[in-house]
Amino acid sequence: MWHVYIVECKDGTYYTGVTNDLKRRVEEHNTSVLGSKYTRARRPVKLVYLKRKKNKSYAMKEEALIKKMKREDKKDLVKSF
């Protein structure tokens, strides 16, 4: 199972990603050099949105759609979670 996720950084910005191990990935964003460069400078992060997909391809397509959204649309998406 793959996950499309959004984390909110301490500065209020959002980071969207894809993983097959959500717990590990969020932990990496918060504590490890394996977290994205973007989130390393904005720790801590918290999970604010999650959507499961059956394979990596579907997850990456969903991630691309979310990344193209305007911030206000992402806020609405997070609120619906």
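In this predicted model, strand β1, which spans residues 2-9, is joined to β2 by six bridges, and the two strands run antiparallel. Within this part of the structure, E8 stands opposite Y14 in β2. The pairing belongs to an open sheet of three strands, arranged in the order β2-β1-β3 with antiparallel pairing. Because β2 (14-19) and β3 (45-53) each have a single partner strand, both stand at the edges, and one side of each is left without a neighbour in the sheet. On average, and with direction ignored, neighbouring strands of this sheet are turned by 20 degrees against each other. Strands of a sheet pair through backbone hydrogen bonds, in either a parallel or an antiparallel manner.

Helix α1 lies across β1, β2 and β3, and runs at about 150 degrees to β3. The helix comprises residues 22-31 and includes E28. The relative accessibility of E28 is 11%, and this residue therefore counts as buried, since the buried class is defined by a value under 20%. The side chain of E28 is joined to that of R25 by a polar contact of 2.9 Å. When neighbours within four places in sequence are left aside, E28 is in contact with L34, G35 and R43.

Aromatic rings were also examined, and the count comes to two aromatic pairs. One of these is formed by Y15 and Y38, whose rings lie 6.4 Å apart centre to centre, with 20 degrees between the planes, so that the pair is stacked. Distant parts of the chain are linked by this pair, given that Y15 is located in strand β2 and Y38 in helix α2 (residues 37-40), the two being 23 residues apart. The partners fall into separate accessibility classes: Y15, at 18% relative accessibility, counts as buried, whereas Y38, at 30%, counts as partly exposed. These assignments follow because the buried class ends at 20% and the exposed class requires a value over 50%, with partly exposed in between.

The ring of Y38 is further involved in an arrangement with a charged side chain, in that the charged end of R42 sits over this ring at 3.8 Å from its centre. Y38 of helix α2 thus takes part both in the stacked pair with Y15 and in the arrangement with R42.

Terms used: Residues numbered from 1 in each chain as written. Predicted model: local features only at pLDDT ≥ 70, side-chain atom pairs only at ≥ 80, totals over all residues. Heavy atoms only, no water. Helix = DSSP H or I, 4+ residues; strand = E, 2+ residues; numbered from the N terminus. Buried < 20%, exposed > 50% of the residue type's maximum accessible area, 1.4 Å probe, protein only. Polar contact = N/O pair within 3.5 Å; in protein donor to acceptor, adjacent residues only side chain to side chain. Contact = heavy atoms within 4.5 Å. Pairing = 2+ DSSP bridges. Axes fitted to C-alpha atoms, helices over the stretch in contact; angles between N-to-C directions. Phe/Tyr/Trp six-rings, centres within 6.5 Å; stacked < 30°, edge-to-face > 60°. Lys NZ or Arg CZ within 6 Å of the ring centre and 35° of its normal.
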